[in-house]
Amino acid sequence: MPKKVAIVGAGISGLVSLKCCLDEGLEPTCFERSDDIGGIWQFKENVEEGRPSIYKSLISNSCKEMSVFSDFPYPEDFPVFLPNARLLEYLEMYTKHFDLRRHIQFKTKVINIRKCPDFSATGQWDVITETEGEQKSAIFDAVMVCIGFLTYPRMPLSSFPGIEKFNGMYLHSRHYKNAEVFRDKRVLVIGMGNSGVDIAVAATHTAKKVMISTSKGAWALSRVFDNGYPWDMVFLTRFKNIVRNSLPGRITAWLVANRASQWFDHANYGIIPKDRSVMREPVINDELPACILSGKITIRPEVKAFKENAVIFANTPEAEDVDIVVFATGYKASFPFIDESVIKVEDKHASLYKYIFPPQLEKPTLALIGYFRPFGPIVPPVEIQARWVTRVFNGLCKLPPVNIMVKEVNEIKKNKKKWFGTSRNQSIQTDFIEYLDELAVELGSKPKVFPLLLRDPQLAMRIFFGPCSPFQYRLMGPGKWAGARDAIFTQKERIIKPTKTRVVGNSPSYNQFFLLKISGIIVVLATIFLISTN
């Protein structure tokens, strides 16, 4: 009999988990508490408890070629960066193409997931769900939790003296829907992550005044990079990743700072990161520097205290009048339907092997999919997680002994404090390409560049110097897809199609683009060598 798998959530991670279960001959049932698929990309006018929430103007920070399912390319006429409605449309196409909807139970809330009495022998779970007020219990051989980490807001109000006296309005960024709420108001956004900056930029269209308060600063990047190509197609290549990870930390930090500052001087704009030795996720926003330059947004230090209708910033003698405060302060780890003995949140995050498996379980039959933050798009690593996990469930891939898993988890924790800091978001950050390759090795689908040089040198060059797109992980191994090579070679066409809507002269070829890029890389390496030897 095929193993029964319960999947919690029908967002990106839930849908790809569902598809991978079917690919591996498992029998999945997906429980979705809302009335449709999409998860965070399903925009709702009102915030719903237990579900992630987005604002209407949200656009993806990763381009379609880097955030695509590896065996289902985007239509070439889709925008390069996708408004939430178009990304949801793609998810609907994916769901229809692989006939996933019939495996989803909508308007069904997962109440509790607990071990069966004979768990140590069977690895089975008792899953209690509720539909229209009626609770049901069912036994499953495995569980995939696909709720991500953007559901339960973190509001550290105790860190802001005087907030209880503040007469204005304050809300978490999760509750923001559109900029009309800021009409003719003085707005303060606390926090400088992607959501905070997006909201601040949107507020400039309706608000009287907009400020961003940040204690740490951030590197900001535009979606548009070299030669007009998307930032992640240029930044996330195997070659550049090897260079970044092989160099001493101070040189890597210099490279990151230099690349970000080519757009604008972050120090002059008041947002340069306070601790530049720690790797942090960059802010992807095309309008921020222009808003600062035109006075539409002003950057302020951390908030020292609140008054009735104003705030006092650190090292600032006078209070600033404020009407609305948006706390873009992130989210906290929470799994309310799973007992703490299974997943325990400690030091702001859950300790998981490969960010997936609770290492102490007697049987590896529970997995968290999408509970991490890659330095890049979320879709490819979520998909490869699901591909590997379903083969673990099937017994085709094996996990190491518990002591080895625990040791690795602890070593990664130490490394995180060195490279990514200690906040909850930073503790679940990981290198995009390294993580993909790590799981691809377990799966048996990591592309082998050097053997490819002999039999298909053009493909090898694109894999090594070109964007590390998801199609690379369908060239070989389990789940090999016949269309992967062609998808890699036609990436440029799918990027240019939606932008080149007027007939003009020919632009430089993609091969010329690669030659220019490789030449630039050689120059950078030569510069680094000279710096390191002086």
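Tutor: Two strands pair if DSSP finds at least two bridges between them. Keep that in mind for this predicted model. In E10, the bridge partner of Arg-186 is Lys-209.

Student: Over how many bridges do strand E9 and strand E10 pair, and in which sense?

Tutor: Strands of a sheet pair through backbone hydrogen bonds, either parallel or antiparallel. Here E9 (residues 186–190) and E10 (residues 209–213) have five bridges, in the parallel sense. Further along, Val-189 of the pair stands opposite Ile-212 in E10.

Student: What is the strand order of the open sheet with E9 and E10?

Tutor: The order is E8-E17-E9-E10-E13, five strands with parallel pairing. Strand E8 (169–172) and strand E13 (298–300) are the edge strands, each pairing on one side only. On average, neighbouring strands are turned by 20° against each other, direction ignored.

Student: How many residues of E9 are buried?

Tutor: Four of the five, so E9 is mostly covered; buried means under 20% relative accessible area. Helix H4 (residues 194–203) lies across E9, E10 and strand E17 (324–327). The angle of H4 to E10 is about 165°.

Student: What order do the strands take in the open sheet that holds E1?

Tutor: Read that sheet as E3-E2-E1-E7-E20. This open sheet has five strands, with parallel pairing. Strand E3 (104–105) and strand E20 (366–368) have a single partner strand each, so one side of each is left without a neighbour in the sheet.

Student: Which helix packs on this sheet and touches E1, E2, E3 and E7?

Tutor: Helix H1 (residues 12–23) does; E2 covers 27–31. The direction of H1 makes about 170° with that of E1. Helix H9 lies across E1, E7 and E20, at about 165° to E7. As for the pairing beneath, E1 (residues 4–8) and E7 (residues 142–145) are joined in the parallel sense over four bridges. One of the bridge pairs is Ile-7 with Met-144 in E7.

Student: Now helices. What span should helix H12 have, and what is the distance between its end C-alpha atoms?

Tutor: Use the rise of 1.5 Å a residue. H12 has twelve residues (432–443), so it should span 16 Å. Its end C-alpha atoms are 17 Å apart, which agrees. Try helix H7 (residues 249–261) too: 13 residues should span 18 Å, and the ends are 18 Å apart.

Student: What marks the two ends of H12? I mean the start first.

Tutor: At the start, a side-chain oxygen of Asp-431 comes to within 3.2 Å of the backbone nitrogen of Ile-433. Just after H12, Gly-444 takes a positive phi of about 90°.

Student: Which residues of H12 are buried, and which elements do they pack against?

Tutor: The buried residues are Phe-432, Ile-433, Tyr-435, Leu-436, Asp-437, Leu-439, Ala-440 and Leu-443. They pack against helix H6 (238–246), strand E21 (373–374), helix H9 (379–393) and strand E22 (429–430).

Student: Take H6, then. Is Asn-241 buried or exposed?

Tutor: Asn-241 is found in H6. Its relative accessible area is 6%, so it is buried. Beyond four places in sequence, Asn-241 touches Asp-431, Ile-433 and Glu-434. The side chain of Asn-241 also makes a polar contact with the side chain of Arg-244, at 3.3 Å.

Student: Where is His-266, and is it buried or exposed?

Tutor: His-266 is in the loop between H7 and strand E12 (283–284). A loop residue needs its own check: at 0% relative accessibility, His-266 counts as buried. A polar atom of the His-266 side chain lies 3.0 Å from the backbone oxygen of Phe-264. Leaving aside neighbours within four places in sequence, the contacts of His-266 include Trp-219, Ala-260 and Ile-272. Ala-260 is itself among the buried residues of H7, which include Leu-255 and Val-256.

Student: How many disulfides does the structure hold?

Tutor: Zero. Cys-63 is in no disulfide; the nearest cysteine sulfur, that of Cys-468, is 12 Å away. The cut-off for a disulfide is sulfur atoms within 2.5 Å. Cys-397 is also in no disulfide, with the nearest cysteine sulfur, that of Cys-20, 12 Å away.

Student: Are these two cysteines buried or exposed?

Tutor: Cys-63 is buried, at 0% relative accessible area. Cys-397 also counts as buried, at 9% relative accessibility.

Methods. Residues are numbered from 1 along each chain as its sequence is written. This is a predicted model: local features need pLDDT of at least 70, side-chain atom pairs count only at pLDDT 80 or more; totals for chains, interfaces and linings use all residues. Side-chain values use heavy atoms; hydrogens and water are left out. The expected span of a helix is 1.5 Å times one less than its number of residues. Buried means under 20% relative accessible area, exposed over 50%, partly exposed in between (1.4 Å probe, protein chains only). Contact means heavy atoms within 4.5 Å. A polar contact is a pair of N or O atoms within 3.5 Å; within protein, one must be able to donate a hydrogen and the other to accept it, and residues adjacent in sequence count only if both atoms are side-chain atoms. Axes are lines fitted to C-alpha atoms, for helices over the stretch in contact, and angles run from 0 to 180 degrees between N-to-C directions.
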